[in-house]
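Grab a pencil and have a go at these exercises before reading the solutions. Each one starts with a task and then works through it step by step.

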Amino acid sequence: LELLVDHVRDLAHTEGSYVVLVDGTQGTVRAAAAPGPPSAGTRLDLTGSPVLEAIRTRRTLLTDSLEGIPDAAGTDGRAVVLPLSATSGASGALIVTRAARSDAWDDEDVTRLESMADLVTVALEFATQQRKKRLLDVLADRDRIAQDLHDNVIQRLFATGMSLQRTLVP
């Protein structure tokens with residue numbers, strides 16, 4: 001994901017790009033490519049932020065102000081907030097920022113960024129599926145170990161019972 005947001009920043013000639021996963025009105029930066037904050041793992045309060053609006057409406061949001069953009073408030077610039085909605089239930093946004101002196105976003109830029117947002121969504125889905133697969137592997141191993149222990153205990157109890165029967169028979 002870090003590599004992907006780095007490529008987004010380089011290919012789109014932007015100041016910064018961030019992937020923010022949202023839970024209610026709170027967000028967590030999953031990946032960041034920018035000269036300053038926020039960094040990956042940073043928790044953000046997104047109350048009143050255009051990020052929540054873009055996610056709620058599932059529409060790309062273009063803005064000529066960085067007001068309400070996490071850790072960019074008070075600076076001049078432009079931003080595109082691209083909603084990410086994965087089938088795994090994760091929701092978030094790819095946020096791309098430019099300096100105020102740069103050109104406005106044109107339709108081709110937005111289309112390219114939407115394509116990149118789709119790649120980010122696929123990367124998040126893949127990571128979720130990999131985590132689920134690893135969890136299933138761990139649970140299968142635990143189940144196998146439990147079954148082996150169970151079988152071993154049953155065998156020992158049976159052997160103990162046979163030994164006790166031998167001592168009782170004259």
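A residue is called buried under 20% relative accessible area, exposed over 50%, and partly exposed in between. Keep in mind that this is a predicted model.

**Exercise 1. Work out which class E15 belongs to, and place it in the chain.**

Start with location: E15 sits in the loop between α1 and β1. Next, take its relative accessibility, which is 37%, so E15 counts as partly exposed. To finish, check a distance: V5 is 10 residues away along the chain, and the C-alpha atoms of the pair are 12 Å apart.

**Exercise 2. Describe β1 and find its strand partners.**

Begin with burial: seven of the eight residues of β1 are buried, so the strand is mostly covered. Now the pairing. β1 runs antiparallel to β6 over seven bridges, and L21 has G92 as its bridge partner there. β1 also pairs with β2 in the antiparallel sense, again over seven bridges, with Y18 opposite A32. Last, look at the connection: β1 and β2 make a hairpin with two residues between them, and G24 in the turn has a positive phi of about 75°.

**Exercise 3. Check whether the end-to-end distance of α3 agrees with or departs from its expected span.**

Helix α3 covers residues 107-168, which is 62 residues. At 1.5 Å a residue it should span 92 Å, and its end C-alpha atoms lie 91 Å apart, so the two agree. Then look at the start of the helix: a side-chain oxygen of D106 comes within 3.2 Å of the backbone nitrogen of E108. For burial, the list includes D109, V110, L113, M116 and T128. Among the elements covering the buried residues of α3 are α1, β1, β2 and β6.

**Exercise 4. Find which residues touch the most other members of the largest nonpolar core.**

This core has 19 residues, and the ones touching the most other members are V19, L82, L84, L94, V96 and L113. Two or more residues each come from α1, β1, β2, β5, β6 and α3, with α3 giving the most, six residues. Take V96 as a test case: leaving aside neighbours within four places in sequence, its contacts include V8, V80, L82, W105 and L113. Apart from this core lies another, of 17 residues, among them V20, V22, L46 and A54.

**Exercise 5. Say which residues of α2 are buried and what covers them.**

In α2 (residues 50-57), the buried residues are P50, V51, L52, A54 and I55. Their cover includes β1, β4, β5 and β6. Just past the helix, R58 has a positive phi of about 55°.

Note on methods. Residues are numbered from 1 along each chain as its sequence is written. This is a predicted model: local features need pLDDT of at least 70, side-chain atom pairs count only at pLDDT 80 or more; totals for chains, interfaces and linings use all residues. Side-chain values use heavy atoms; hydrogens and water are left out. Helices (H or I, at least four residues) and strands (E, at least two) are DSSP runs, numbered from the N terminus. The expected span of a helix is 1.5 Å times one less than its number of residues. Buried means under 20% relative accessible area, exposed over 50%, partly exposed in between (1.4 Å probe, protein chains only). Contact means heavy atoms within 4.5 Å. A polar contact is a pair of N or O atoms within 3.5 Å; within protein, one must be able to donate a hydrogen and the other to accept it, and residues adjacent in sequence count only if both atoms are side-chain atoms. A nonpolar core is a set of buried Ala, Val, Leu, Ile, Met, Phe, Trp, Tyr and Cys residues joined through side-chain atoms within 4.5 Å. Two strands pair if DSSP finds at least two bridges between them.
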